[in-house]
Every structure is written in C-alpha cells, then in structure tokens.
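Student: I would like to learn how to read a structure feature by feature. Could you take me through one, giving the general idea before the particular case?

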Amino acid sequence: MASRAIGRATVRAVTSKRLIPQKAPLVLTQNAVTKLKQLMTERPDMKGVMIGVKTRGCNGLTYTLDYADKKGKFDEEVIQDGVHVFIDAKAQLTLLGTEMDYQEDKLTAEFIFNNPNIKGTCGCGESFNV
C-alpha cells in the first residue's frame with residue numbers, strides 16, 4: 001500500500017493580515033494549485049489533500065499533508081481551481097485566514113503556510129504555536 005503522506009510543510013508568521021475572502025478558511029496560491037494538481041494526477045484514486053495538525057517539534061504544533069480519499073464528517077472542504085483540500089477539524093482554527101503557497105529552489109521544495117494566527121515558530125519553521 002502506498003503512503004498517503006505528501007511531504008514537508010513550513011509555517012511562517014505573517015505580521016499583516018491580507019485581504020482573504022471570508023468564506024474560504026484557506027486560500028491557495030497559483031503555485032500551490034499547480035503542484036497539488038500535479039500530485040493528484042499521480043494518485044487518481046484520491047479525491048484531494050487533507051491538512052491536519054500534530055503536536056510535534058520544538059514549538060508545539062506542525063501541519064501534516066496527506067492524500068485523502070474522502071471528506072470526514074467534521075472536515076472543512078476548500079475547492080479552488082478544481083483542487084479539493086480537506087481541513088481536519090483539529091486544524092481548522094489554526095488555519096483561518098492562511099495562505100498556502102508552494103516554493104521550490106535548488107535546495108528545497110515545500111508547501112508554505114503564511115499564517116496570521118500564529119504567535120511564534122521554531123528556527124526551521126517546521127513547528128508553531130498559537
């Protein structure tokens with residue numbers, strides 16, 4: 001059975017709030033949409049991507065990204081440009097007003113959560129607290 005984990009995610013504290021539509025708890029950049037579409041073509045049996053939160057790292061919490069074959073009863077669903085992102089009930093409050101981006105350079109390729117709700121991050125940006 002293939003793993004459902006997608007990869008690494010980084011969190012960044014945002015000092016100024018961006019104008020984000022009220023109905024969407026999470027907004028995807030075009031880079032994130034493009035990468036998620038690419039990932040979904042590799043796993044056509046999956047319906048979308050699940051974002052969760054775990055207690056881990058030196059600062060408390062970290063986001064998880066996994067393939068999802070269905071939406072859970074209490075999960076929030078964000079549909080943007082044909083991409084389905086499910087937000088686990090435990091992660092919903094930590095993601096409100098967040099922008100999900102994807103960046104790739106010579107050393108890293110990762111999803112980045114630009115989050116106005118977090119109070120601090122660890123040095124590597126993998127974990128955060130609210």
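Tutor: Let us start with burial, and keep in mind throughout that this is a predicted model. At 13% relative accessibility, arginine 43 counts as buried, because the cut-off for that class is under 20% relative accessible area.

Student: Which residue forms a salt bridge with arginine 43?

Tutor: The general idea is that side chains of opposite charge can pair when their charged atoms come close. Here arginine 43 forms a salt bridge with aspartate 45, with the closest N and O atoms 3.7 Å apart, and the count of salt bridges comes to 1. Aspartate 45, for its part, is partly exposed, with a relative accessible area of 49%, whereas arginine 43 is buried.

Student: Before going further into side chains, how many helices and strands does the protein chain have?

Tutor: The secondary structure comes to 2 helices and 10 strands, and along the sequence these follow the pattern β-β-α-β-β-β-β-α-β-β-β-β. Of the 130 residues in the chain, 44% are buried. If you take the contacts with a separation of 6 or more, 62% of them are accounted for by residues 24 or more positions apart.

Student: How should I read the pairing of strands, and in which sense, parallel or antiparallel, do β3 and β6 pair?

Tutor: A general point to carry with you is that in a regular strand the side chains alternate between the two faces of the sheet. As for the case in hand, strand β3 (residues 48-55) pairs with β6 in the parallel sense over 3 bridges; valine 49 stands opposite valine 85 in β6, and isoleucine 51 has isoleucine 87 as its bridge partner in that strand. Strand β3 is also joined to β4 by 8 bridges, these two running antiparallel, and there lysine 54 has threonine 62 of β4 as its bridge partner. Because 6 of its 8 residues are buried, β3 is largely enclosed by the rest of the structure.

Student: And what is found on the β5 side of β6?

Tutor: Strand β5 (residues 76-80) and β6 pair in the antiparallel sense over 5 bridges, with glutamine 80 standing opposite valine 83. The two strands form a hairpin with 2 residues between them, in which aspartate 81 takes a positive phi near 50°. Strand β6 itself (residues 83-87) is mostly covered, 4 of its 5 residues being buried.

Student: Which elements give two or more residues to the largest nonpolar core?

Tutor: In soluble globular proteins, nonpolar side chains tend to be buried together. In this model the largest nonpolar core has 25 residues, and those with the most contacts inside it are Leu26, Leu28, Leu36, Ile51, Met100 and Phe111. Two or more residues come from each of β2 (26-28), α1 (30-42), β3, β4, β6, β7 (98-104) and β8 (109-115), the largest share, 5 residues, being that of α1. To see one member at closer range, take leucine 28: leaving aside neighbours within four places in sequence, it is in contact with Val33, Leu36, Gln80, Val83, Val85 and Met100.

Student: How is an aromatic pair described, and how many does a search of the whole structure find?

Tutor: A pair of aromatic rings is described by the distance of the centres and the angle of the planes. The search finds 2 such pairs. In one of them, tyrosine 63 and phenylalanine 113 are tilted, at 4.6 Å centre to centre and with 40° between the planes. Tyrosine 63 lies in strand β4 and phenylalanine 113 in strand β8, so the pair ties together parts that are 50 residues apart in sequence. Both partners are buried, tyrosine 63 with a relative accessible area of 5% and phenylalanine 113 with one of 0%.

Student: What lies 3.0 Å from a polar atom of the side chain of tyrosine 63?

Tutor: That is the backbone oxygen of threonine 94. Leucine 95 is 32 residues from tyrosine 63 in sequence, and the two are 9.7 Å apart in space, C-alpha to C-alpha.

Student: As a last case, is aspartate 101 buried or exposed?

Tutor: Aspartate 101, whose place is in strand β7, counts as buried at 11% relative accessibility. A polar contact of 2.7 Å joins its side chain to that of threonine 29. Not counting residues up to four places away in sequence, aspartate 101 touches Thr29, Asn31, Ala32, Glu110, Phe111, Ile112 and Asn114.

Technical notes:
Residues are numbered from 1 along each chain as its sequence is written. This is a predicted model: local features need pLDDT of at least 70, side-chain atom pairs count only at pLDDT 80 or more; totals for chains, interfaces and linings use all residues. Side-chain values use heavy atoms; hydrogens and water are left out. Buried means under 20% relative accessible area, exposed over 50%, partly exposed in between (1.4 Å probe, protein chains only). Two strands pair if DSSP finds at least two bridges between them. A salt bridge is a side-chain nitrogen of Lys or Arg within 4 Å of a carboxyl oxygen of Asp or Glu. A polar contact is a pair of N or O atoms within 3.5 Å; within protein, one must be able to donate a hydrogen and the other to accept it, and residues adjacent in sequence count only if both atoms are side-chain atoms. A nonpolar core is a set of buried Ala, Val, Leu, Ile, Met, Phe, Trp, Tyr and Cys residues joined through side-chain atoms within 4.5 Å. Contact means heavy atoms within 4.5 Å. Rings of Phe, Tyr and Trp (its six-membered ring) pair if their centres lie within 6.5 Å; planes under 30 degrees apart count as stacked, over 60 as edge-to-face and the rest as tilted.
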